[in-house]
Amino acid sequence: MLEGTLSVYAFGLIFPLALAGGLLFLIRYYIKKTEWCDSDERLDGKTVLLTGGSSGLGRALSVELAKRGARVVVACRTKARRDSTAFFLRSKTGSFNVRVMFMDLTSLDSVWEFAREFNESEERLDAIINNAAILCESEKTADGFDTMLGVNYIGHFLLTLLLHDKMRKCPDSPTRVLNVVCSGFRGGNLQDLKNLEGQSEGAYSIKQHYRNSKLAQFLFTKEVSRRYREMGIVSFAVDPGLVSTNLYAHLTGFSGQLTQACAKVLYRTPEEGVQTILYCLLTKGIEPESGKLFRDCKLQEVHVPEWDDQAAKALWENTSDVIEQKGIKLNFEEAEEE
């Protein structure tokens, strides 16, 4: 009798645990399942600019690019990270064709100075990978923008505009602009992007503001393609999937700790996460898909009628106006004329 009761208790304990473990395994398998970029394309003689290259996706990508022979220029937001990243990449890859420069995306002046120095000192630019991102509580950049919108979108917008002439003159065409987004951008609010300085009523939603910033990057991708394609510049939005990086380090409270724990256990590694970025950078023949979204090395359809070319154009013009109102020029020619 006692043995039968214990068996029932054991079954009642083990079965739920086994069920939970099996479900966790399936979730992990689904999230981590990775389509690998099998291209053996080399990048010898080409220059690739990458933001956010000191950790996570950016660091894994920098290593891969250097191994393929590219001249890799990494933008880092602190001088300490600049020095440590340069040492890491050179020791890891054996390549001394790596340059690490300081750029703080929370300051438009810093972005402008970075672009000026790059433009004057580098011979060519074959690709820009706008990878740096931040996920944080309500804060403001040095220019008064919501920090997530400023770092994830506006800083990259200015950087790309300032360097597009360098890309246009690159002897190997087409050159490429890659914007790293996330699947959550589909929850972004187009109306929120009409106010780029992030003034809103009610409680601050980290998730919503992050999604808005990534929606802005997606629309930016579309407009880069429309404006620059005839100049020999194509653009792609890239969704790397859920990746275990330090992106979640600023999240607080129980939900923040839970997210960080899930990232470590369930999410893709940075090496897995960079595969679609590599695909869009290396693969020939996808140029007609410029302005579109890729995930798992495949084209993804995005059907949201209001996110049309007119919306992308309006966001571009609004962003340009706001930046110029801060006293920042959108090209070097205008600055030289003053």
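A pocket here is an open set of grid points where a 1.4 Å probe fits, with protein on both sides within 12 Å along at least five of seven lines. With that in hand, the second largest pocket of this predicted model holds about 280 Å³ of space. Below is a quick tour of that pocket, the nonpolar cores, a couple of helices and three individual residues.

**The second largest pocket**
- The lining of this pocket counts 17 residues, and Phe218, Lys222, Gly291, Lys292 and Asp309 are the ones closest to its centre.
- Helix α6 is the top contributor to the lining, with four residues.
- Strands β7 (292-295) and β8 (298-300) also chip in, each with at least two residues.
- Chemically the lining is a mix: seven nonpolar residues, six charged and four polar.

**The nonpolar cores**
- The largest nonpolar core takes in 64 residues, and within it Leu49 and Tyr153 have the most contacts.
- Two or more residues of this core come from each of β2 (71-76), α4 (108-121), α5 (147-168), α6 (206-228), β6 (233-239), α7 (253-266) and α10 (309-325).
- Helix α5 gives the largest share of this core, at twelve residues.
- Leaving out residues up to four places away in sequence, Leu49 touches Val73, Phe114, Phe118, Leu125, Ala127, Ile128, Ile129, Leu159 and Leu163.
- There's also a second, separate core, this one of 35 residues, with Leu89, Ile129, Leu278 and Ile286 among them.

**Helix α2**
- Helix α2 covers residues 56-67, twelve in total, and its first and last C-alpha atoms sit 17 Å apart, close to the 16 Å expected at 1.5 Å a residue.
- Its buried residues are Leu57, Gly58, Ala60, Leu61, Ser62, Val63, Leu65 and Ala66.
- Right after α2 comes Gly69, with a positive phi of about 95 degrees.

**Helix α10**
- The 17 residues of α10 should span 24 Å at 1.5 Å a residue, and the end C-alpha atoms are indeed 24 Å apart, so the two agree.
- Buried in α10 are Ala311, Ala312, Leu315, Trp316, Thr319, Ser320, Val322 and Ile323.
- The cover over those buried residues includes α4, α5 and α6.
- Gly327, just after α10, has a positive phi of about 85 degrees.

**Ser84**
- Ser84 belongs to helix α3 (residues 79-93).
- Its relative accessibility is 39%, so Ser84 counts as partly exposed, a class that lies between the under 20% of buried residues and the over 50% of exposed ones.
- Along the chain, Ser84 and Val100 are 16 residues apart, and their C-alpha atoms are separated by 9.5 Å.

**Glu272**
- Glu272 sits in helix α8 (residues 270-273).
- Glu272 counts as buried because its relative accessibility is 15%, and buried means under 20%.
- Setting aside neighbours within four places in sequence, Glu272 is in contact with Lys32, Thr34 and Trp36.

**Leu251**
- Look for Leu251 in the loop between β6 and α7.
- Its relative accessible area is 16%, so Leu251 is buried too.
- Leu251 and Cys136 are 115 residues apart in sequence, yet their C-alpha atoms are 6.4 Å apart in space.
- Again setting aside neighbours within four places in sequence, the contacts of Leu251 are Leu135, Ile206, Gly256, Thr259 and Gln260.

Notes
Residues numbered from 1 in each chain as written. Predicted model: local features only at pLDDT ≥ 70, side-chain atom pairs only at ≥ 80, totals over all residues. Heavy atoms only, no water. Core = buried A, V, L, I, M, F, W, Y, C linked by side-chain atoms within 4.5 Å. Buried < 20%, exposed > 50% of the residue type's maximum accessible area, 1.4 Å probe, protein only. Contact = heavy atoms within 4.5 Å. 1 Å grid on protein atoms, 1.4 Å probe; cavity = no way out; pocket = protein on both sides within 12 Å on 5 of 7 lines; lining within 4 Å. Points joined across faces, edges and corners; volume = space filled by probe spheres on them. Nonpolar A, V, L, I, M, F, W, Y, C, P; charged D, E, K, R; others polar. Expected span 1.5 Å × (residues − 1).
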